[in-house]
Amino acid sequence: MSLFSQHSAKPNALFSGWLLPLALLILLATALLSVTQGPMSIPVSDALSALLPFNFESDAPAHYQLVVTGIRLPRTLLCIAVGAILAMCGAVMQGLFRNPLADPGIIGVSSGSAAGAAIAIVLLGLVNWQLPEFISALAVPLFAFIGGFVTTVLVYRLGTTPNGTSVVMMLLAGIAVGALSGAGIGLLSYLANDQMLRDLSLWQMGSLAGATWSNIVLAFVTLAILLVVFMRKAQALNALLLGEAEAGHLGIQVQKLKSQLIFFTALGVGIAVSVSGLIGFVGLVVPHLIRMLLGPNHQRLIPYSALLGAALLLLADLLSRLVISPAELPVGIVTALVGAPFFIFLLLQQRQRIA
Amino acid sequence: MIKRHLPPLFSACLGLSLIASTALQAEPLKRVVSAGANITEIIIALDAEQQMVAVDSTSQLPSNLSLPVVGYHRQLSAEGLLALAPDAVIGSDEMGPDSSLNQLQQAGVQIHRLNSQSTVASLEQRIDALATLLGHPAKATELHQKLKQQLTQLDEYSQSAKPMNTLFFMSHDAKKLLTAGRDTTANSIMELAGAVNLAKPHLNSYKPLSDEAILSMQPELLLFSQRSLDKLGGVQGVLSSFPVLAATPAGKTKAIYAIDGHALIGGLGLASIDEAVRLSQRLQ
């Protein structure tokens, strides 16, 4: 362990002076951009004054206040929480699998959540129970969360033998469970009517438009919990980079560490998905960029991934609002458009390293 | 938490605002966003297109009119719409999401949800509601008269002619056919025209039927959307792409017609009635 802390101490000292302020500044700048820019052109000064708790006399139209604090602000906050959660979970997942291409999607969380959402949209729609409105509004996020969680547990169980968890087995189980979820979604889309199909495909593209204050609180509480848990396990994750047996020799309970981290990443991704639908590639791209810039030390990888993930999702969401205004692009499309080429770039790099 | 309890209250308010607006509408709306194919169609038929500032992505506009498109009617963006400074957003009960509509309403934009059922009565209600909101009562009377005339005509036709056993298909390529079942505008058009939709007891919405099922139903008339028929290469193309259709009574007599696709989108509208009349004339 001492070896690791020594190793990480040097670059820490080098960066700690300006790195954190810089990252916070980037986040603040993107957040301000997200609050001040949108399809409705509001002068920046008016947008900023709308955010102030007191209202000094201004001749700005009354609806500016609503647009800034009622529409843009909740969205900005949800973006920050979801982006940070996804990027952090991606970083932990990559460390856990010792595979830079790992992504919460590959162990089946996303496809499981999508199947859960499909059940809520199609089956509950077909049964046509007269549920109270606030329950039916909760059905899709709740089922998505349950779906994501169940698949993660299933994949983990399939990948775990008395001898430990095999990464390869888990990846294969992830593929199999993903295929099963896909078949379930296919079956449900066959039963669905046109409206349900549209709902389902829109949900799968992800959007932060449905930001409500209860969603925001939920997402930030999750973010705080994950940040604490992941930071406490950061050293252990560093040790795991050496290999499971080696980490075990360093006194780390590898099996326990893995099940805990998988539980918390599933929790994080499940909640992120339930409040915003499927938003891919943030969890893959962001930890990578950070690793390229700052190296693989999880003590820095995790918090900086969170900061950059938030900033990146803010920018993606801003794009999604502006590109085809007055309509809106699902943000999952924007992140995929940026993320997929980056993924290919990573693959090519890996290939060169192998060759 | 409060937000979750809002929707019921919210829809109650919407209902009230609709009643209030139809009863007390003093000034016709000047800037309206139309979020539905059906609604846009009626607004244009009322000659009120100057009062429209934007439409949703399902709406069809005449070629000489170009308006901003606000996206899919279930995925409206509150801020995007507000940027257009509308007086009102008019859509169906499928319009959403509620969070956006709620925000629009807080900003003083009226939200009107009109009945979207696939019945003639619902179409007539929509015409009346829009005529009141936009202030075109005379044009509405004209539309009602035309509609009544068409319906009488349809009635006469279907009484005089023998009901024709029919199937309606959509096809995106030469491999797969989707058949219109219950709860489709195609079904309503067939019934208005006095045809029998053989798939109605078996399917809802658009689903594939097996070849054997198609054969055993013995359709005497096959309908396609104009787009599908063009894509497949006309009647001859259909018969050569789908041998099973060629083996039905309709295939043998080449009784294959096209329905204008615009009449099929977004529920029963004015164009659907026109198509029903056209179809019933061909059935004579």
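Helix α15 of chain A runs over residues 331-354 in this predicted model, and because each of its 24 residues should add 1.5 Å, the expected span is 34 Å, which agrees with the 34 Å between its end C-alpha atoms. The expected span is 1.5 Å times one less than the number of residues. Helices here are DSSP runs (H or I, at least four residues), numbered from the N terminus. Residues are numbered from 1 along each chain as its sequence is written, and chains are lettered from A in the order in which they are written. As the model is predicted, local features need pLDDT of at least 70 and side-chain atom pairs count only at pLDDT 80 or more, while totals for chains, interfaces and linings use all residues; side-chain values use heavy atoms, without hydrogens or water.

Parts of α15(A) are buried, meaning under 20% relative accessible area with a 1.4 Å probe and protein chains only. The buried residues are V331(A), G332(A), V334(A), T335(A), G339(A), F342(A) and L346(A). An α-helix has 3.6 residues a turn, so residues three or four places apart point the same way. The cover over the buried residues of α15(A) includes α13 (282-294) and α14 (298-322) of chain A.

I279(A) is in contact (heavy atoms within 4.5 Å) with three residues of this buried set, V331(A), G332(A) and T335(A), and also with V82(A), L86(A), G206(A), L208(A) and L313(A), leaving aside residues up to four places away in sequence. I279(A) is also among the residues that touch the most other members of the largest nonpolar core, which has 91 residues. Such a core is a set of buried Ala, Val, Leu, Ile, Met, Phe, Trp, Tyr and Cys residues joined through side-chain atoms within 4.5 Å. The largest share of this core, 16 residues, comes from α4(A). A second, separate core has 42 residues, including L177(B) and L279(B).

In chain B, I127(B) lies in helix α5 (residues 120-134). I127(B) counts as buried because its relative accessibility is 0%. Its contacts, again without residues up to four places away in sequence, are I42(B), L46(B), A140(B), L143(B), H144(B), L147(B) and L270(B). E220(B) is 93 residues from I127(B) along the chain, and their C-alpha atoms are separated by 35 Å.

Note on methods
Helices (H or I, at least four residues) and strands (E, at least two) are DSSP runs, numbered from the N terminus. Buried means under 20% relative accessible area, exposed over 50%, partly exposed in between (1.4 Å probe, protein chains only).
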